[in-house]
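Reader: I would like a close look at one helix and its surroundings. Could you walk me through that part slowly, and then show me what lies around it?

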Amino acid sequence: ADAGQRLDRLLAATLPELSRSRLQALIAEGRVTAAGQAVTTASVKVKAGQTFAIFVPEPKPVALEAQAIPLEILYEDADLIVLNKPAGLVVHPAAGNPDRTLVNALMAHCGPSLTGIGGEQRPGIVHRLDKDTSGVMVAAKSDAAHQGLSKQFADHSVERAYLAYARGAPRPRAGKIEARIARSRHDRKKMAVLREQETDHGKHAVTNYRVLETFGQIPNEPAGTPAASEIECRLETGRTHQIRVHLASIGHPVLGDATYGKLRTWRRIFTPEGEELKEFSRQALHAAILGFVHPITGEQLRFETDPPKDMQRLRKFLERL
């Protein structure tokens, strides 16, 4: 069915973890082969029955630097650290964010013992939050803790609950969004929900949601059509941008989400006095609860944090609708 498609497009659709530009570079470097021969032209048309092999080199170590950045620590012992990440802080260095990340801050706080735990690229990191999502995170300070925590995240036994403010309100008021997520074919920086027939790629993703409160009324819509809602989202899986993509896919994007909120469902929100809700400066999403078993002691740990001040101000505005 894919015969006649460009090689780079086929590989990008099949391997969402690799960007199209990254695949084009690998092709140019001779790291993609067919029948043992290197294919060096990204635009070559694939043929039915062909098999391609892709050799991805190990990432080059990044020289990480310890940087003193304030951290709000909720819990810490010899094996792990739990903190409340502020919005705007990137979790680990990557293209465009080489430093001033959570990893740099952890290296300064924990000292040289953190280096290499779980790998040189992301020492101590077992999960992450988007740059503009705030909330509870755990990081490992020992290899044993890293392995134990990683296993819990992999088998989905970690309790994770998020608070989101979204456009409109889902119906029913509580339910499950179960839809595969993959890199968007149209914008490699975005994720997208796959159609039912696209089951050959992407990753299984499940979000359980519950509407906690609704606010206001959308003008010129039937009575009982809220302008916005406060939603608790509990993850069964942890995919990139999962909550943001899932809520947008059912027509209720997270307020302030510049990536997934620019949908036709987005309409202006005004108070009865005519005051407009300016676009929230980040996605209104907060990781409120994190619960897991301590990988060394076996103790059940659970942490809960209030939304930061910007989300509290947003709620006060919504209460006036």
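Which strands do the buried residues of H4 pack against?

Author: Happy to take you through this part; please keep in mind that the model is predicted. The buried residues of H4 pack against four partners: strand E5 (80-85), strand E6 (134-140), strand E7 (159-167) and strand E13 (285-293).

Let us begin with the helix. H4 covers residues 143-154, 12 residues in total. From its first C-alpha to its last it reaches 16 Å, close to the 16 Å expected at 1.5 Å a residue. The residues of H4 that are buried are Ala145, His146, Leu149, Gln152 and Phe153. They cover an arc of only 135 degrees around the axis, so they sit on the same side of H4. The spacing is easier to picture with a general rule. An α-helix has 3.6 residues a turn, so residues three or four places apart point the same way. If you turn H4 to look at the face away from its buried side, you will find the exposed residues Gln147, Lys151 and Ala154. Just after the helix comes His156, and its phi is positive, near 60 degrees.

Now follow the strands that H4 packs against. E5, one of them, is joined to strand E4 (residues 73-76) by three bridges, and the two run antiparallel. E4 and E5 form a hairpin, with three residues between them. Within this pairing, Tyr75 stands opposite Val82 in E5. Tyr75 also belongs to a cluster, in which ring pairs link it with Phe292 and Phe303.

E7 is another strand that the buried residues of H4 pack against, and it leads to a second ring contact. A search of the whole structure finds three aromatic pairs. One of them joins Tyr165 and Phe215; the pair is tilted, with 6.4 Å centre to centre and 50 degrees between the planes. This pair links distant parts of the chain, since Tyr165 lies in strand E7 and Phe215 in strand E11 (residues 206-215), 50 residues apart. Tyr165 and Phe215 are both buried.

E7 and E11 bring us to another helix, H6 (residues 309-319). The buried residues of H6 pack against E7, E11, strand E12 (228-235) and E13. E7 and E13 therefore appear in the packing of H4 as well as that of H6. In H6 the buried residues are Asp310, Met311, Leu314, Phe317 and Leu318. They cover an arc of only 110 degrees around the axis, which means that they lie on the same side of H6. The face of H6 turned away from that buried side carries Lys309, Arg313 and Lys316, which are exposed.

Since cysteines often come up at the bench, here is a last stop. The structure holds zero disulfides. Cys110 counts as buried because its relative accessibility is 16%, under the 20% cut-off. Cys233 counts as buried too, because its relative accessibility is 1%.

Terms used:
Residues are numbered from 1 along each chain as its sequence is written. This is a predicted model: local features need pLDDT of at least 70, side-chain atom pairs count only at pLDDT 80 or more; totals for chains, interfaces and linings use all residues. Side-chain values use heavy atoms; hydrogens and water are left out. A disulfide is a pair of cysteine sulfur atoms within 2.5 Å. Buried means under 20% relative accessible area, exposed over 50%, partly exposed in between (1.4 Å probe, protein chains only). The expected span of a helix is 1.5 Å times one less than its number of residues. The arc is that of the directions from the helix axis to the C-beta atoms. Contact means heavy atoms within 4.5 Å. Rings of Phe, Tyr and Trp (its six-membered ring) pair if their centres lie within 6.5 Å; planes under 30 degrees apart count as stacked, over 60 as edge-to-face and the rest as tilted. Two strands pair if DSSP finds at least two bridges between them.
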